[in-house]
Amino acid sequence: MSKLFGFSGDTDFCPGGPIYTNHKESSLLLSLGSHVDVYFPPRKRSRISAPYVLCGERFEQKKQPSIEVLPDECLFEIFRRLPGGQERCTSACVSKRWLSLVSNIRRDEICSNKETQSSKGEDIVSGNEVKYEVEDREVEGDGYLTRILEGKKATDVRLAAIAVGTDSRGGLGKLIIRGSNSVCKVTDVGLTAISRGCPSLRVLSLWNLSSVGDEGLFEIANGCQMLEKLDLCHCPAITDKALLAIAKSCPNLTDLTIESCPNIGNEGLQAVGKGCSNLKSISIRDCLLVGDQGIAGLLSSATFFLTKVKLQGLSISDVSLAVISHYGKAVTDLILTGLPNVTERGFWVLGNGQGLQKLKSFTVTSCQGVTDIGLKAIGKGCPNMKHFSLCKCAFLSDNGLVSFAKAVMSLESLQLEECHRITQIGFFGTLLTCGSKLKAFSLANCFGIKDQSLGVPKLSCKSLQSLAIRNCPGFGDASLNFLSKICPQLQHVELSGLQGITDAGLLPLIENSDAGLVEVNVSGCLNLTDKVVSSMTELHGWTLEVLNLDGCRKISDASLVAIAENCGLLNDLDFSKCAITDFGISALAGSNQLNLQFLSVSGCAYVSDKSLPAFGKMGQTLLGLNLQHCKAISSRTIDFLVEQLWRCDILS
């Protein structure tokens with residue numbers, strides 16, 4: 001500093017002598033006091049703003065007028081006359097007050113360019129008319145500008161900022177709000193800002209917002225009349241009045257989801273049915289006030305476009321199913337879950353109504369009204385059904401399932417879960433009578449299956465390509481032997497949690513598969529050995545892509561050696577909790593044809609740090625490596641692998 005003030009002018013910096021002849025006078029440069037704002041941001045030009053003026057040898061405070069003294073009405077008029085969205089967005093960054101004002105400007109309140117010009121509507125400069133281009137343009141097409149607010153980020157201030165900030169980018173198309181800040185909650189004020197700043201909004205999803213009520217939805221209905229999808233979940237303050245407003249002002253609504261909204265009932269749904277004739281999808285869950293009248297009013301007005309219907313946890317009766325059968329002429333996807341008041345008669349009417357001719361996918365869960373009579377009627381009344389799923393239907397037996405399979409000849413996928421009255425006869429009877437289009441069958445947690453020897457089959461199911469049997473204790477070797485004789489085209493096989501299966505049961509299935517196994521999951525089958533894996537790799541090594549042996553404790557290094565020699569297409573391998581060692585891992589790494597992308601050896605106690613070179617070599621192709629609960633692998637090895645295999649996601 002002394003060199004600066006004592007500069008003599010010997011160089012080009014300041015020729016002509018020092019700045020101050022007396023070094024004491026240099027203190028004047030530092031005597032501005034604490035009121036001076038000297039700002040030095042890193043890598044930016046320094047900026048000095050001093051609200052003082054020099055009078056003689058004193059500094060006196062200068063009184064400057066502030067725009068903040070203007071009332072809100074004046075600022076509002078200024079902001080709405082700004083020439084473009086970018087200028088309004090910049091103004092909103094000044095303070096929360098300005099943000100609030102800018103976010104409350106409706107699109108139709110913004111002055112056009114002509115209004116901001118002279119009274120003649122044009123400016124003449126050098127004889128030429130000056131034309132101003134509008135900066136705000138809406139983005140057209142199928143793509144949406146999307147914003148998602150979750151938890152603490154969900155506040156009214158952020159919604160106001162979104163409303164202002166997205167205006168210059170074509171307008172917001174999709175808004176999802178999940179949860180809310182416990183202090184600064186999302187309220188009707190935030191939705192008001194969205195309604196005024198985002199008229200192009202097409203998708204709105206509100207989850208767990210206790211502070212949002214009808215007023216916010218009123219504003220959305222008035223300001224966002226292009227709305228197509230509305231999702232209301234756990235919004236207790238929203239009532240039928242909000243749906244009345246949506247139905248009146250949003251005729252383009254195509255998707256409506258209402259879940260756990262205790263104050264929405266029949267009146268709101270009836271209004272939506274009348275006002276939104278383009279409705280394509282409805283999903284209503286756990287709404288206590290919704291009954292048959294609401295469902296009837298909703299479906300009866302949307303006969304030609306409604307394709308997807310999901311009803312869950314409602315107090316509706318057989319009447320609603322009769323309405324679906326009569327008016328659901330365009331319905332392709334139907335989901336019915338937890339309907340305790342629907343009886344056998346309701347499902348019988350649903351099938352015999354002959355209105356679900358276009359139904360392709362049907363899912364029924366926890367409905368005690370599903371019986372053999374109702375299921376047989378559904379099979380006859382839905383001839384084009386391709387996917388059918390039944391879960392927790394306690395009164396369904398083998399007769400009903402086989403009768404359904406005979407009636408629906410177009411069925412491609414069938415799923416049964418926790419249907420305990422289904423036995424081995426119903427399972428195989430369905431496979432043999434379901435027709436030539438059945439490709440996938442899934443059986444899970446069905447405790448009525450008992451492993452019994454069956455005779456030589458007279459029919460076969462050559463179309464079945466995917467089979468999944470999960471946690472059915474009675475499914476054993478006898479069932480697998482019979483299955484291997486009737487399903488020769490299996491490619492995807494899952495037999496998870498079947499502790500009764502041994503090599504004797506699985507080997508015939510492997511040997512009789514003509515199409516070539518692509519994906520095999522036998523996790524939890526404790527009694528399988530290396531013999532099964534060896535046979536599988538020899539016969540299907542040219543097609544096998546996924547192999548899951550999680551929990552097969554009798555599987556050892558011999559299986560890894562067989563895989564390394566025969567499986568050139570394998571990309572996903574799970575040997576968790578198997579009896580493999582470092583030798584087996586080394587054999588995998590030494591294969592010239594294997595290109596694994598995902599490998600799991602979780603819980604393999606005999607895999608140690610010695611496998612580090614092998615893991616490093618396989619890391620050239622690996623995208624995922626699971627080393628959890630491998631106690632013989634040190635943290636140092638894990639750290640080294642994380643550093644070296646930067647492309648691979650390592651779980652440890």
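Me: Buried means under 20% relative accessible area. With that cut-off in hand, and given that this is a predicted model, why is F441 called buried?

Reply: The relative accessible area of F441 is 2%, and the limit for the term is under 20%, so F441 counts as buried. The same reasoning covers F427, whose relative accessibility is 1% and which therefore counts as buried.

Me: What makes F427 and F441 an edge-to-face pair?

Reply: Two values are needed, since a pair of aromatic rings is described by the distance of the centres and the angle of the planes. For F427 and F441 the centres lie 5.0 Å apart, where a pair requires them within 6.5 Å, and the planes stand at 75 degrees, where edge-to-face requires over 60. Both conditions are met, and the pair is edge-to-face.

Me: Why is the pair of F427 and F475 given the name it has?

Reply: The ring centres of F427 and F475 are 5.9 Å apart, which falls within the 6.5 Å limit, and their planes meet at 85 degrees, which is over the 60 degrees that the term asks for, so this pair is edge-to-face. F475 is buried, as F427 is.

Me: How do you know that these two pairs link distant parts of the chain?

Reply: F427 belongs to helix α15 (residues 424-433), while F441 belongs to strand β18 (residues 440-444), with their positions 14 residues apart. F475 sits in the loop between β19 (466-470) and α16 (477-486), 48 residues from F427. These rings belong to one aromatic cluster, made up of F427, F428, F441, F475 and F482, and a search of the whole structure gives six aromatic pairs.

Me: What makes R178 count as lying over the face of W207?

Reply: R178 is 4.7 Å from the ring centre of W207, and the distance criterion, taken from CZ of Arg, is within 6 Å. The assignment also needs a direction within 35 degrees of the ring normal, and R178 is indeed assigned to the face of W207.

Me: Why are α6 and α7 described by the orientation term they carry?

Reply: The axes of α6 (residues 188-197) and α7 (residues 214-223) cross at roughly 0 degrees and come within 8 Å; angles under 35 degrees count as roughly parallel, and α6 and α7 are therefore roughly parallel to each other. Their contact includes L191 and I194 of α6 and L217 and I220 of α7, and its residues divide into four nonpolar, four polar and four charged.

Me: How do you know which orientation term applies to α17 and α18?

Reply: Helix α17 (residues 503-511) packs against helix α18 (residues 530-540) at about 0 degrees, the axes being 10 Å apart. This angle is again set against the limit of under 35 degrees, and α17 and α18 are therefore roughly parallel. Among the residues that meet are L506, L507 and I510 in α17 and V532, M536 and L539 in α18; by class the contact has six nonpolar, two polar and three charged residues.

Me: What makes the phi of N208 and the phi of N471 worth a remark?

Reply: Most residues other than glycine have a negative phi. N208, in the loop between β9 (203-207) and α7, has a phi near 55 degrees, and N471, in the loop between β19 and α16, has one of about 50 degrees; both values are positive, and neither residue is a glycine.

Me: Why is N208 called neither buried nor exposed?

Reply: Its relative accessible area is 44%, which lies between the limits of 20% and 50%, so N208 is partly exposed. N471, at 38%, counts as partly exposed by the same limits.

Terms used:
Residues are numbered from 1 along each chain as its sequence is written. This is a predicted model: local features need pLDDT of at least 70, side-chain atom pairs count only at pLDDT 80 or more; totals for chains, interfaces and linings use all residues. Side-chain values use heavy atoms; hydrogens and water are left out. Axes are lines fitted to C-alpha atoms, for helices over the stretch in contact, and angles run from 0 to 180 degrees between N-to-C directions. Helices (H or I, at least four residues) and strands (E, at least two) are DSSP runs, numbered from the N terminus. Angles under 35 degrees count as roughly parallel, over 145 as roughly antiparallel, 65 to 115 as roughly perpendicular and the rest as oblique. Contact means heavy atoms within 4.5 Å. Ala, Val, Leu, Ile, Met, Phe, Trp, Tyr, Cys and Pro count as nonpolar, Asp, Glu, Lys and Arg as charged, and the others, Gly among them, as polar. Rings of Phe, Tyr and Trp (its six-membered ring) pair if their centres lie within 6.5 Å; planes under 30 degrees apart count as stacked, over 60 as edge-to-face and the rest as tilted. Buried means under 20% relative accessible area, exposed over 50%, partly exposed in between (1.4 Å probe, protein chains only).
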